[in-house]
Structures are given as structure tokens and as C-alpha cells.
Amino acid sequence: MKLHKTWIALGLAAALGITATTALAADGATKTDLPYEKRPAITDEQKAKMEADRAAIKEKQDAVKAKWAAMTQAQKDAIYNLLDQQVTVENQLIDQYAANGLLDADTAKTMKDRNTQQAASLRSSGGMPGGMGIGGGVPGMELGGHGQDGRRPSKATPSTLPAN
């Protein structure tokens, strides 16, 4: 599911001409496609804000995890059943892409198998659908995340995308 959504986001970004290597200079001017080592340095103020944002996000996420843990199995099953419906619809969408020649059969099968496997794995592990996104996030990071030091990765390629 997540990989499928990531590819859609990347396709949308490409269609809009957005690159994952945009950075802002200290004067506010946009610098695009700079090599990693030539990007503007992150200031101490920016680092402090990122740390405060991380702490606030972690606090929200921990609260959501605690609420999930306190739910009854029947409540969790109702959510898992909705997840199963979502996977079914996503797999139908993949079938339509394949039927219209947008995906080859092998890719469609791989995507569908991954969707189904991830939902089953999440249910068997007791994990919460929606994951960490439920607890909140940093505004502006919807289409591309930042690395550990707050910088964007230089290129988004299949080998650099998250595994799940």
C-alpha cells in the first residue's frame, strides 16, 4: 500500500515539475538540484525547531499508541475489517491499471501481493493501520521526507524509497 501511494506521489510530483532536491538558501532564494554537499547548511535555529517538532510528534504518536493498546479486540477488528476493504479496493484499482495497459501483469501481481501481505502482517502483529501518520506530522512533508539531518535526499529512486 505505502509503496503504491509513494509511486503515485512521485508521479504527481514529476507531472507538476517538482523535484526532491529543492532547498532554500539563507536569503530565501530557491536552489534546485544542488549536490548534497553544496546545499545550504542548516542553522542551529532550524535544528532546534526540527527537534521540537520531532518531540511534539513523538508525544502525539505515543498518545495514539496508548489509546490503540487500550482498545478492545472487537474495536480493533472493526478497523482491520475496514483495512481489508481498502486493500480490496486498491487491488481492484491495480487490476484496472493492468487491464488498461498502465501496469504489466507481473507488476500488478507484485503490488497486489504486497498489499495483501502487508495487511495480513499488520493484523497478525496487532499493529495499528495508518501507522505513525495518525499521530501528526510536520507540515510540508507530505510528498517527501527529510533525512536524519533534515536534508532532503538527493534523488528519489526505487532503491532509495522506503521498503514498506
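A salt bridge is taken here as a side-chain nitrogen of Lys or Arg within 4 Å of a carboxyl oxygen of Asp or Glu. The exercises below concern a predicted model.

**Exercise 1.** Decide which helices are joined by the salt bridge between Asp77 and Arg123, and state how exposed each of the two residues is.

*Solution.* Begin with the distance: the side chains of Asp77 and Arg123 meet at 3.9 Å, N to O, and the cut-off for a salt bridge is 4 Å. Next, place the residues: Asp77 belongs to helix α3 and Arg123 to helix α4 (residues 105-125), so the pair ties together parts that are 46 residues apart in sequence. Finally, consider accessibility: Asp77 has a relative accessible area of 27% and is partly exposed, while Arg123, with 29%, is also partly exposed.

**Exercise 2.** Find which residues are linked with Arg123 in a network of salt bridges.

*Solution.* Start from Arg123 and look at Asp84, whose side chain meets that of Arg123 in a salt bridge of 2.7 Å, N to O. Asp84 lies in helix α3 and Arg123 in helix α4, so this pair ties together parts that are 39 residues apart in sequence. Asp84 counts as partly exposed, at 31% relative accessibility. Adding the bridge between Asp77 and Arg123, one arrives at a network that links Asp77, Asp84 and Arg123. For the whole structure, the search finds seven salt bridges.

**Exercise 3.** Work out how the salt bridge between Asp113 and Lys109 is placed with respect to the turns of helix α4.

*Solution.* The side chains of Asp113 and Lys109 meet at 2.6 Å, N to O. Both residues lie in helix α4, four residues apart, which is about one turn of the helix. An α-helix has 3.6 residues a turn, so residues three or four places apart point the same way. Asp113 itself is partly exposed, with a relative accessible area of 40%.

**Exercise 4.** Classify the geometry of the aromatic pair formed by Trp68 and Tyr80, and identify the helices that this pair ties together.

*Solution.* The structure holds one aromatic pair. Its rings, those of Trp68 and Tyr80, are 5.8 Å apart centre to centre with 80° between the planes; since planes over 60 degrees apart count as edge-to-face, the pair is edge-to-face. Trp68 lies in helix α2 (residues 44-70) and Tyr80 in helix α3 (residues 73-99), so the pair ties together parts that are twelve residues apart in sequence. Both Trp68 and Tyr80 are buried. In α2, Ile57, Gln61 and Trp68 are buried, and the buried residues of this helix pack against α3.

How values were computed
Residues numbered from 1 in each chain as written. Predicted model: local features only at pLDDT ≥ 70, side-chain atom pairs only at ≥ 80, totals over all residues. Heavy atoms only, no water. Phe/Tyr/Trp six-rings, centres within 6.5 Å; stacked < 30°, edge-to-face > 60°. Buried < 20%, exposed > 50% of the residue type's maximum accessible area, 1.4 Å probe, protein only. Contact = heavy atoms within 4.5 Å.
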